[in-house]
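Me: I've got a chain open on my screen and a few things I'd like to sort out. Can you walk me through it?

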Amino acid sequence: MRADVESLDIRDVTANWVNAQILERQIAARVKALADLSDTPLFFGRLDYLHAPGAERADRTEETDGRFYIGRRHVHDADGDPMVVDWRAPVSQPFYRASRKDPQGIALRRRFGYTGGDLTAYEDEHLSDPAEAAATSRLLQQEIERPRVGPMRDIVATIQPEQDEIVRSGLSGTVCVQGGPGTGKTAVGLHRVAYLLYAHRERLARTGTLVIGPNRSFLHYIGQVLPALGELAVQQATVDDLVAHVEVRGTDDAAAAVIKGDARMAQVLRRALYSGVTMPAEPVVVVRGSRRWRVPAYELEELVRQLLDRGMRYGAAREALPQRIAHAVLVQMERAGEAPDDRVQDAVARSNAVKAAVKAVWPAVDPAKLVLRLLTDADFLAAHADGVLTAEEQKAILWARPARSVKSAQWSPADAVLIDEAADLIQRTPSLGHVVLDEAQDLSPMQYRAVGRRCTTGSATVLGDLAQGTTPWATRSWREALAHLGKDDAVIEELTAGFRVPADVIAYASRLLPHIAPGLTPVASIRENPGFFEIRRTTGRAGTVAACEELLRREGSTGLIAADAHVPALGRALAAAGVPYLSPGEETTPDVRLTLVPASLAKGLEYDYVVLDEPRAVVTGEPDEPTGLRRLYVTLTRAVSGLIVTHSEPLPPQLG
């Protein structure tokens, strides 16, 4: 298929050089999408239907045998007949959902096992044969428990029925997935994007898709999943990337960040923005040739109030006002017997008199300057936060040292979100067709609003775990979060089957749930391999380093997770012991399989084996105990096969 595309001759099929370049880029993208991936087989399953789908239709002779090989993408032979069917095609759906209770017309489901890209095993289920006893798929278990080395990989061969329902849900609706550690919520979200691109390719090609993650390390970790499924056009970003109107060089204390992230700040910003709109006190006089046309102040006021009542964006209303004034002038011209046209109206709208009136009544506003004034001018803030923020809250967000200009200001991440809100009040933010928001529990209400602006006319997939909220402003309710996102009608799904974390580890971590998320259902591990779990009291860093060396003698990746403040000392201890290590976001190699991870960056990552250093330090490293306990829950649940907890300080009492 790739050779066919590479051999295309477009010299005689393009009208001009522009079309030729566009077609060349499309061909190059197609060739790239058809690239072979090492150790990635073209197919992983087979379905034999009892009755061939579409066999009654004469124009579908290629399907009459009722046998379909299922793979990551469609593959056809030299004659164009399908050899492998895309996992997203409707005919592939029973591979994921058929069961003995509901065989969905399937006689045989076959799973193929691979080792390093070589076919080494297969396993059959005769779903319509009542004589065959039900059994757990060993190939499925082996694929789920395969060692994690390198970036995150796709799960097309192991998607479970409850996951498949979410993956194949429609484009028009927003879905929120609450999933505990190891339930596959991130993978489900990424595969949902791949499915939507398959089912609605033309529409999403026009409107765009975006995956939003908590940090760059996380985005790098998940970055190969969609390309492995042949989808190369999906953009990735963090929330900070989306709102990068100014350079962020400062930070807020927790109290200020919580207030700036509160949805009430949207009302404060709106008040401050529209406070600049004043009612005209003078008429507008437009000179055209020898005639003078006068629009009285009361008529101008009526035009301004009409625009305010329409609820238009500030900038759009400001652009409409000159035309409204010009139209009032044209009405007077027509009454006087003249016959002005659109060109005259445009000329009047651009006249100095109208421009001056608009500037006085509806001044242009720079969003960053507006936010800067709110954060540095106590009187201005008080005037527009009255009845919205308390005096103490206003004092908490005021800057101690006012900046001289937008460029010199020490903007914080929360400030950038406020500027994005102000910018949207002035000019509407373009909407995408679909947005995936991962680790959504950590966003503030104002950050939800920023994301929601990017999908006002599209839909979203929201992924997260309320128990893993590790910011002081983390959400406690998905319904509340979805309201801030502008998706009140979203469907909330919960995943509770754990495919990654060993049973003993998740049971130990779940001791924290009554203290951090009392209403959540604990994750139930379905892994056959119990893994191992051990708590070791150590003295100094040597015991932690020894635990890492022990785990590195096993196959797979190892993560050493510690409180952020402990990371430099642990790095020095590893170096002194001659143990090489990586930072989050760097890919493991056969020679270097240990990653030293600050607790603040552990979310969303996974390793075959984890050493967790000093749990109490992880808790005390956060602004408050609830946030610290949620951070500890995250760090305890990063292991796939085994966890060693090392500590010299007493363990947090919430662990029992």
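Reply: Sure, starting with a term: two strands pair if DSSP finds at least two bridges between them. Helices (H or I, at least four residues) and strands (E, at least two) are themselves DSSP runs, numbered from the N terminus. This is a predicted model, where local features need pLDDT of at least 70, side-chain atom pairs count only at pLDDT 80 or more, and totals for chains, interfaces and linings use all residues. Residues are numbered from 1 along each chain as its sequence is written, and side-chain values use heavy atoms, with hydrogens and water left out.

Me: How do β1 and β5 run, parallel or antiparallel?
Reply: Strands of a sheet pair through backbone hydrogen bonds, in either sense. Here β1 (residues 43-49) is joined to β5 (residues 106-115) by 5 bridges. Y49 sits opposite I106 of β5. The two strands run antiparallel.

Me: Which strands are at the edges of that open sheet?
Reply: The sheet has 6 strands with mixed pairing, in the order β3-β4-β2-β1-β5-β6. An edge strand here pairs on one side only. That gives β3 (75-76) and β6 (118-125).

Me: How many of the 5 residues of β8 are buried?
Reply: Buried means under 20% relative accessible area, exposed is over 50%, and partly exposed is in between (1.4 Å probe, protein chains only). In a regular strand the side chains alternate between the two faces of the sheet. T209, V211 and G213 point one way from β8, L210 and I212 point the other way, and all are buried. So β8 (residues 209-213) is largely enclosed by the rest of the structure, with a buried count of 5 of the 5.

Me: What are the bridge partners of L210 and V211?
Reply: β8 pairs with β12 (residues 434-437) in the parallel sense over 4 bridges. It is also joined to β9 (residues 235-238) by 4 bridges, and those strands run parallel. L210 has its partner in β12, namely V435, while V211 stands opposite a residue of β9, Q236.

Me: Where do the buried residues of α13 lie around the helix?
Reply: Helix α13 (residues 297-309) has 13 residues and reaches 18 Å from its first C-alpha to its last, close to the expected 18 Å (1.5 Å times one less than the number of residues). Its buried residues are A297, L300, L303, V304 and L307. Seen down the axis, they fall within an arc of 120 degrees (taken from the directions from the helix axis to the C-beta atoms), so they line one face of the helix.

Me: What do those buried residues of α13 pack against?
Reply: Exposed Y298 and D309 are on the face turned away from the buried side. Just after the helix, G311 takes a positive phi of about 70 degrees. Contact means heavy atoms within 4.5 Å, and on the buried side the partners are β10 (284-288), β11 (291-295), α14 (314-335) and α16 (352-361).

Me: Is D154 buried or exposed?
Reply: D154 lies in the loop between α4 (138-144) and α5 (161-167). Leaving aside neighbours within four places in sequence, D154 is in contact with R72, H191, V225, A228 and L229. Its relative accessibility is 8%, so D154 counts as buried.

Me: Which side chain is joined to that of D154 by a polar contact?
Reply: A polar contact is a pair of N or O atoms within 3.5 Å; within protein, one must be able to donate a hydrogen and the other to accept it, and residues adjacent in sequence count only if both atoms are side-chain atoms. A polar atom of the D154 side chain lies 3.3 Å from the backbone nitrogen of V156. The side-chain partner, at 3.0 Å, is R72.

Me: Which element gives the largest share of the largest nonpolar core?
Reply: A nonpolar core is a set of buried Ala, Val, Leu, Ile, Met, Phe, Trp, Tyr and Cys residues joined through side-chain atoms within 4.5 Å. The largest has 160 residues, and those with the most contacts inside it are W87, L321, V348, W362, W411 and L636. The largest share, 10 residues, comes from α14.

Me: What percentage of the chain's residues count as buried?
Reply: The chain comes to 28 helices and 21 strands. Its C-alpha trace spans about 95 × 75 × 45 Å along its principal axes. Of its 656 residues, the buried share is 52%.
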